[in-house]
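Student: I should like a close look at one part of this protein, namely the way its helices pack against one another. Please set that part in the context of the whole chain.

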Amino acid sequence: MQVFPTKNRQVLPGISLVEWIPWNDYEDILLDRCKEGIARITINRPTKRNAFRPQTVTELCDAFSFIRDTVDIGVVLLTGIGPAKDGRYAFCSGGDQSVRGDGGYIDEMGLARLNVLDLQRIIRSLPKVVIALVAGYAIGGGQVLHLLCDLSIAADNAIFGQTGPRVGSFDGGFGASFLARLVGQRKAREIWFLCRSYDATQALTMRLVNAVVPLDTLEQEGVIWAQEILQHSPTAIRCLKAAFNAETDGMSGIQELAGQATHLFYRTDEGKEGKKAFLEKRKPDFSSELWLP
Ligand SMILES: CC(C)(COP(=O)(O)OP(=O)(O)OC[C@H]1O[C@@H](n2cnc3c(N)ncnc32)[C@H](O)[C@@H]1OP(=O)(O)O)[C@@H](O)C(=O)NCCC(=O)NCCSC(=O)c1cc(O)c2ccccc2c1O
């Protein structure tokens with residue numbers, strides 16, 4: 001992947017606390033990183049209120065995979081570019097209805113896709129912290145994306161809502177069940193059944209977001225939160241994320257948490273002895289290991 005020359009590109013209003021370095025060339029998104037260990041992904045379709053088409057989602061999946069493999073990045077800020085030419089902001093307005101066909105959203109090959117579901121799982125299982133920075137609309141599948149981020153900071157102009165039952169769609173996965181975990185069954189049913197909009201203060205009250213800040217300080221706040229997280233133990237954070245997921249994500253959540261345990265075990269002398277003995281064609285010697293309480 002190409003690293004471009006330094007150029008601090010602005011995607012939200014306000015002063016940047018870090019220097020963003022463009023990181024890869026995409027059509028629908030912008031991927032930047034800074035030397036402090038933060039990546040920033042920006043949905044860049046302002047004329048559509050940052051709605052996603054299959055290509056947008058493919059690019060987002062690619063960016064998250066790249067971030068996963070970059071060991072000096074610990075936190076990702078996910079946002080939508082703004083303002084649009086009409087002065088309005090959007091985090092993301094969900095699936096691009098203009099390319100919706102029978103069975104999904106039509107990609108360049110003419111295939112109907114719901115590939116945002118893949119993206120949801122990628123964000124969920126990324127062993128790093130993802131923070132949504134929501135300016136303006138987080139609607140439909142865009143509201144679900146913000147929901148799937150570990151933390152969410154809203155600008156004071158943020159508007160959240162579901163439109164599925166109005167536009168003939170629904171997300172019965174994380175979009176319904178994880179929402180209910182966050183805001184409670186009654187509120188989640190209200191959000192989906194009535195398709196109303198909720199402002200940033202209402203979102204904070206129902207615990208849909210962690211904080212509300214002035215629009216001009218949204219990115220700064222995200223960077224400050226990221227910098228605080230980055231001072232802490234990467235292993236503790238990744239195990240905690242897996243532990244939170246295990247509580248809600250069934251067998252795949254347990255798999256993630258167990259994977260972290262295996263990852264740690266492989267780094268111990270005890271774990272290494274098993275492999276070493278196999279390769280040396282001898283019985284493993286675990287006699288120096290203690291059966292700890
Ligand atoms: C987001 C809005 C409330 C903003 O309203 P506003 O009045 O500010 O702006 P406009 O409506 O005039 O929009 C400006 C401009 O953007 C276009 N646009 C906005 N949103 C979309 C969109 N989602 N798709 C395509 N285009 C969009 C709009 O047409 C205007 O274009 P012009 O050319 O006319 O200037 C409001 O725009 C709004 O309500 N948008 C639609 C929100 C919506 O219904 N989203 C889809 C929900 S369904 C979904 O997201 C979804 C996706 C999935 O992939 C799933 C997968 C699996 C399960 C479920 C899924 C799912 O539910």
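Tutor: The following account treats confidence and domains, then the helix pairs, and finally two details of the backbone.

This is a predicted model. Its mean pLDDT over the protein chain is 96, and 98% of the residues reach 70 or more. Residues 1-6 have a pLDDT below 50, and this stretch has eight contacts in the model beyond near neighbours in sequence. Where pLDDT is low, the predicted coordinates should not be read in detail. For the model as a whole, the scores are ipTM 0.99 and pTM 0.96.

The protein chain is divided into two parts, domain 1 covering 21-231 and domain 2 covering 235-279. Taken over C-alpha atoms, the centres of domain 1 and domain 2 are separated by 28 Å. Eight residues from domain 1 and six residues from domain 2 take part in the contact. On the side of domain 1 that touches domain 2, the elements giving two or more residues are α2 (116-125) and α5 (174-183). By class, that side of domain 1 comprises four nonpolar, one polar and three charged residues.

Helix α5 merits attention next, beginning with its packing against α3. The axes of helix α3 (residues 141-148) and α5 come within 10 Å and cross at roughly 50 degrees. An angle under 35 degrees would count as roughly parallel, and 65 to 115 as roughly perpendicular; α3 and α5 are therefore oblique to each other. The crossing of α3 past α5 is left-handed. On the α3 side the contact is made by Val144, Leu147 and Leu148, and on the α5 side by Phe174, Gly175, Phe178, Leu179 and Leu182. These residues divide into seven nonpolar, one polar and no charged.

Helix α5 also packs against helix α6 (residues 185-194), at an angle of about 130 degrees and with the axes 7 Å apart. These two helices, α5 and α6, are therefore oblique to each other. Here α5 passes α6 in a right-handed crossing. The contact draws on Ala176, Leu179, Ala180 and Val183 of α5, which meet Gln185, Lys187, Ala188, Ile191 and Trp192 of α6. By class, the contact of α5 with α6 has seven nonpolar, one polar and one charged residues. Leu179 of α5 is thus listed in the contact with α3 and also in the contact with α6.

A further pair is formed by helix α9 (residues 234-248) and helix α10 (residues 250-266), which pack at an angle of about 155 degrees with their axes 7 Å apart. Angles over 145 degrees count as roughly antiparallel, and α9 and α10 are therefore roughly antiparallel to each other. In this pair α9 passes α10 in a left-handed crossing. From α9, Arg238, Cys239, Ala242, Ala243, Asn245, Ala246, Glu247 and Thr248 meet Gly253, Ile254, Glu256, Leu257 and Gln260 in α10. The contact of α9 with α10 has six nonpolar, four polar and three charged residues.

Two backbone details in loops complete the account. Glycine 82 and proline 83 are joined by a cis peptide bond, with omega about 5 degrees. Proline 83 is located in the loop between β4 (75-80) and β5 (90-92). Arginine 49, although it is not a glycine, has a positive phi of about 55 degrees. This arginine 49 belongs to the loop between β3 (38-43) and α1 (54-68).

Note on methods:
Residues numbered from 1 in each chain as written. Predicted model: local features only at pLDDT ≥ 70, side-chain atom pairs only at ≥ 80, totals over all residues. Axes fitted to C-alpha atoms, helices over the stretch in contact; angles between N-to-C directions. Helix = DSSP H or I, 4+ residues; strand = E, 2+ residues; numbered from the N terminus. Left-handed = near helix turned anticlockwise from the far one by under 90°. Contact = placed C-beta atoms within 7 Å. Nonpolar A, V, L, I, M, F, W, Y, C, P; charged D, E, K, R; others polar. Domains from an automatic or database assignment. pLDDT = per-residue confidence, 0-100.
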